[in-house]
Amino acid sequence: MIVTRLHAARLEAAVEELADLLVDTVDDGASVGFLAPLDRAAAVAWWKERAAAAASGHLAVWTAHDGNRTVGTVTLAFPDKPNSRHRAELVKLMVHRDSRGQGLGRRLLAVAERAAVEAGVTLLHLDTETDSPAERLYRTAGWTVAGVIPDYAANPSGVLRPTTLYYKYVGARAEAAASSLTR
């Protein structure tokens with residue numbers, strides 16, 4: 001598998017494949033902000049809207065390819081406020097259902113975490129559906145539960161579900177936190 005960062009022009013060129021991945025993810029029941037069945041045209045339009053944010057530096061998007069097919073993606077969203085430039089949100093970590101169970105989600109997560117450190121970010125956060133398969137990935141990758149919000153979002157079937165918020169210190173901040181535990 002090859003993991004590549006998509007800058008704005010490459011993101012625009014990849015919207016069709018990314019839309020296929022998004023539709024597959026929603027159809028498989030993952031709660032990533034859309035209801036099923038997700039119209040492919042809506043998925044294409046959603047990805048096209050991300051290109052401007054990628055061009056401005058507010059989004060960083062990576063894709064994983066298996067041959068000529070996009071089988072995974074992850075995005076970091078960077079805030080535009082001066083008081084929050086130390087953090088980023090991990091969003092839309094998706095792996096095609098045919099490629100799950102091979103460590104790709106963990107690899108994409110690690111790529112995003114390293115990129116965050118390179119960008120000077122020290123705190124990452126995310127949210128995911130409570131009791132979803134994604135929770136195991138985040139917990140085993142060292143993410144910390146910040147809390148649970150009941151009835152936060154509807155799953156693809158339209159049923160309101162709780163969402164678990166996670167955070168993780170990365171880079172120098174993670175090293176400082178780890179050294180304070182060993183004192």
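**A hairpin within a seven-stranded sheet**

Strands β2 and β3 form a hairpin with 2 residues between them, and G67 in the turn has a positive phi of about 70°. The model in which this hairpin appears is a predicted one. Strand β2 comprises residues 59-66, and its pairing with β3 is antiparallel, over 8 bridges. Within the hairpin, W62 stands opposite V74 in β3.

On its other pairing, β3 meets strand β4 (residues 87-95), again in the antiparallel sense, here over 5 bridges. The bridge partner of T75 in this pairing is V91 of β4. How far is strand β3 buried? Of the 9 residues of β3 (residues 69-77), 8 are buried, so the strand is largely enclosed by the rest of the structure.

The hairpin belongs to an open sheet of 7 strands with mixed pairing, arranged in the order β1-β2-β3-β4-β5-β7-β6. At the edges stand β1 (2-6) and β6 (144-154); each has a single partner strand, so one side of each is left without a neighbour in the sheet. On average, neighbouring strands of this sheet are turned by 25° against each other, direction ignored. At the β6 edge, that strand pairs with β7 (residues 160-169) in the antiparallel sense over 7 bridges. A153 has R161 in β7 as its bridge partner.

The helices may now be set beside the sheet. The protein contains 6 helices and 7 strands, and along the sequence these follow the pattern β-α-α-α-β-β-β-α-β-α-β-β-α. Helix α2 (residues 15-27) lies across β1, β2, β3 and β4, and runs at about 85° to β3. From its first C-alpha to its last, this helix of 13 residues reaches 18 Å, close to the 18 Å expected at 1.5 Å a residue. Following α2 comes G29, with a positive phi near 100°.

Which residues of α2 are buried? They are V15, L18, A19, L21, L22, V23, D24, T25 and V26. The cover over these buried residues includes the strands β1, β2, β3 and β4, together with the helices α1 (8-13) and α3 (40-56).

A second helix offers a single residue for closer inspection. E113 is located in helix α4 (residues 104-118). Is the side of the division on which E113 falls buried or exposed? With a relative accessible area of 14%, E113 lies under the 20% cut-off and therefore counts as buried. Apart from its neighbours within four places in sequence, E113 is in contact with L124, W143 and K168.

The overall dimensions complete the description. For 183 residues, a compact globule would have a radius of gyration near 16 Å, and the 16 Å of the protein agrees with this. Taken along the principal axes, the C-alpha atoms fill a box of roughly 55 × 35 × 35 Å. Of the 183 residues, 42% count as buried. The accessible surface comes to about 9,600 Å², and carbon and sulfur atoms contribute 52% of that area. Among contacts with a separation of 6 or more, 59% are accounted for by residues 24 or more positions apart.

How values were computed: Residues are numbered from 1 along each chain as its sequence is written. This is a predicted model: local features need pLDDT of at least 70, side-chain atom pairs count only at pLDDT 80 or more; totals for chains, interfaces and linings use all residues. Side-chain values use heavy atoms; hydrogens and water are left out. Buried means under 20% relative accessible area, exposed over 50%, partly exposed in between (1.4 Å probe, protein chains only). Helices (H or I, at least four residues) and strands (E, at least two) are DSSP runs, numbered from the N terminus. Two strands pair if DSSP finds at least two bridges between them. Axes are lines fitted to C-alpha atoms, for helices over the stretch in contact, and angles run from 0 to 180 degrees between N-to-C directions. Contact means heavy atoms within 4.5 Å. The radius of gyration is taken over C-alpha atoms; the globule rule is 2.2 Å times the number of residues to the power 0.38. Accessible areas come from the Shrake-Rupley method with a 1.4 Å probe; for residues, only the protein chains shown count as cover. The expected span of a helix is 1.5 Å times one less than its number of residues.
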